[in-house]
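Dear colleague,

I am handing over to you the structure shown below. My findings follow it, and I would ask you to read them with the structure open.

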Amino acid sequence: MKTRHTLRLGVAAILLLSGCAVNPVTGKKEVILVSEGQEVAMGAQSDPAVTAQFGLYQDPKMQKFIDEKGQKMAAISHRSNLKYQFKVVDSPVINAFAVPGGYVYFTRGIMAHFNNEAQFAGVLGHEIGHVTARHSARQQTKAILGQVGLMGAMILSPQVAQFGDQAMQGMQLLFLKFGRDDERQSDELGVEYSSKIGYDASQMADFFQTLAREQQKSKAEPIPDFLSTHPNPEDRYNTVKQLADKWKAANGNPVLAVNRDQYLRLIDGMVYGEDPKQGFVENSVFYHPELKFRMPVPAGWKHQNTPQQFQMADPAGKALLILMTAPGNSLDEAAQAITKQLSLQPTDSRRTTINGFPALVFTADQVQQDPQTGQQVAGVRVLGHVIQDGKTLYALLGVAAPADFPAYAPQFSGVAEAFQRLTDPDKLNRQPERIRIKKLALRSSLSKALTSNGVPEKRLEELAILNGMQLNEQVNAGSLIKVVGK
């Protein structure tokens, strides 16, 4: 009989032998266990989750712009057979990303920070490059091979088996980000693809400097994802400039487009930063103008808001509060659906009223098996409040380990019991800031131009980065610049 270790290696060997494929970009054979059909299916399955997580940015002309440019670039790419989809999602974060099968997303945050069409095109080519070079499929292959070894370890060790599900999720997260070699290859493809459709690819290098400045400004909270695994910004800037010059020289030094003014007019009026209608925090209170409610955020707790849920986390990492809409047509249906979905075992429940809203309060445990004794033990304890506002049901879930739960339960209850109708006109009518494009009448420094257009001194550097310029840089009369305003 084979040992489990040998069996595990044998499974991996079979996968390796059956998973060779030719990379469309390099023409070389690679071990890729994900077929093109599986890639497309993965993208189709991921797309609803991505759009639900962020929401689409509601601007038809911008959605048309990204789709037209994307389809034009996809047609000259190494995988023109795929049915690509290009979308601008409603997030202020500066990011662009692609998922397998040809789904490419740009946040409105990154669209706001481009200063011409060529910068946009370079990053678009970079993201399409991840798709055409099958970087996602390669990462999935690493995850699959990692899981083969993990499953073998689970057979050998009951202790490891207990954490099998969590470990597999961690394995997937570990391989989710692209490596530096993949990023360099995507930069090369970004230069090639954007140049082929007529844009000056050296502008992409300039945008990397904008990203680096934004990251430096936000040291406490670095730009997520887009720069996290990328090569050093300065090296990247030089490399992309060289690649762009090389492509021009090899193709007869054509005149390539930048299209600054056209792009700036496209984003004139675009929402900038957080959009209050999706909810905002001010003075430790979370306000939601569209849903017309307010509730407190515990002092010192961190918070994160998405279209799907609002999360509050204890700085010590021992407790979490999650507010989300709940399924069902009644308080009981909602509570039952939540406990089933989260594998919770309720221990008690009661009906109440919270500031005029019908509510149901329950306590529940998420049960796990003790690896030492085999007995069922509470992994986490949950204090749930289901609150009904007309046809809308909200679930506010306070989560902590059983040992910590008594200390946090009063805070969980305090937040829930302060949930109330929002009536303050100032909060209900709060408007987002928007990009405003201004044409300069006189030549001046960027600093003077911004100040003369109402930008306060404390925001000058922020607006300089947004414009991709230095504050002492001279701007000619007739030039367009970005400012922000309501």
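Two strands are taken as paired if DSSP finds at least two bridges between them. With that in mind, please note that this is a predicted model, and that in it H288 has F293, a residue of strand 9, as its bridge partner.

**The sheet**

The bridge just named belongs to a pairing of strand 8 (residues 285–288) with strand 9 (residues 293–296), which runs in the antiparallel sense over four bridges. In general, the strands of a sheet pair through backbone hydrogen bonds, in either a parallel or an antiparallel way. Here the two strands are part of an open sheet of four strands, with the order 7-8-9-17 and antiparallel pairing. Strand 7 (280–282) and strand 17 (420–421) are at the edges of this sheet; each has a single partner strand, so one side of each is left without a neighbour in the sheet.

**The second largest pocket**

H288 appears again in the second largest pocket, where Q278, H288, L291, T306 and P307 are the closest to the centre among the 17 lining residues. The volume of this pocket is about 300 Å³. Strand 8, strand 11 (309–313) and strand 12 (319–325) are the elements that each give two or more residues to its lining. Strand 12 provides the largest share, with three residues. Sorted by class, the lining consists of eight nonpolar, seven polar and two charged residues.

**Helix 9**

Helix 9 covers residues 180–196. How far apart should the ends of its 17 residues be at 1.5 Å a residue? The expected span is 24 Å, and the end C-alpha atoms are 24 Å apart, which agrees. Many positions of this helix could be listed by burial; the buried residues include D182, E183, D187, L189, V191 and Y193. After helix 9 comes G198, which has a positive phi, near 100 degrees.

**Salt bridges**

Side chains of opposite charge can pair when their charged atoms come close. The count of salt bridges in this model comes to 20.

One of them joins the side chains of K64 and E68, at 3.9 Å from N to O. These two residues are four apart in helix 3 (residues 60–75), and therefore about one helical turn separates them. K64 is exposed, its relative accessible area being 52%, while E68 is partly exposed at 46%.

A further group is a network of salt bridges that links E282, D424, D426, K427 and R430. Within this group, the side chain of K427 meets that of D424 at 3.3 Å, N to O. K427 also forms a salt bridge with D426, with the closest N and O atoms 3.5 Å apart. Is K427 buried or exposed? K427 is buried, with a relative accessible area of 10%. Its two partners named here are partly exposed: D424 has 32% relative accessibility, and D426 has 43%.

With kind regards

Methods
Residues are numbered from 1 along each chain as its sequence is written. This is a predicted model: local features need pLDDT of at least 70, side-chain atom pairs count only at pLDDT 80 or more; totals for chains, interfaces and linings use all residues. Side-chain values use heavy atoms; hydrogens and water are left out. The expected span of a helix is 1.5 Å times one less than its number of residues. Buried means under 20% relative accessible area, exposed over 50%, partly exposed in between (1.4 Å probe, protein chains only). On a 1 Å grid over the protein atoms alone, a cavity is a set of points where a 1.4 Å probe fits but cannot get out, and a pocket is an open set with protein on both sides within 12 Å along at least five of seven lines; lining residues have an atom within 4 Å of a point. Grid points are joined across faces, edges and corners, and a volume is the space filled by probe spheres set on the points. Ala, Val, Leu, Ile, Met, Phe, Trp, Tyr, Cys and Pro count as nonpolar, Asp, Glu, Lys and Arg as charged, and the others, Gly among them, as polar. A salt bridge is a side-chain nitrogen of Lys or Arg within 4 Å of a carboxyl oxygen of Asp or Glu.
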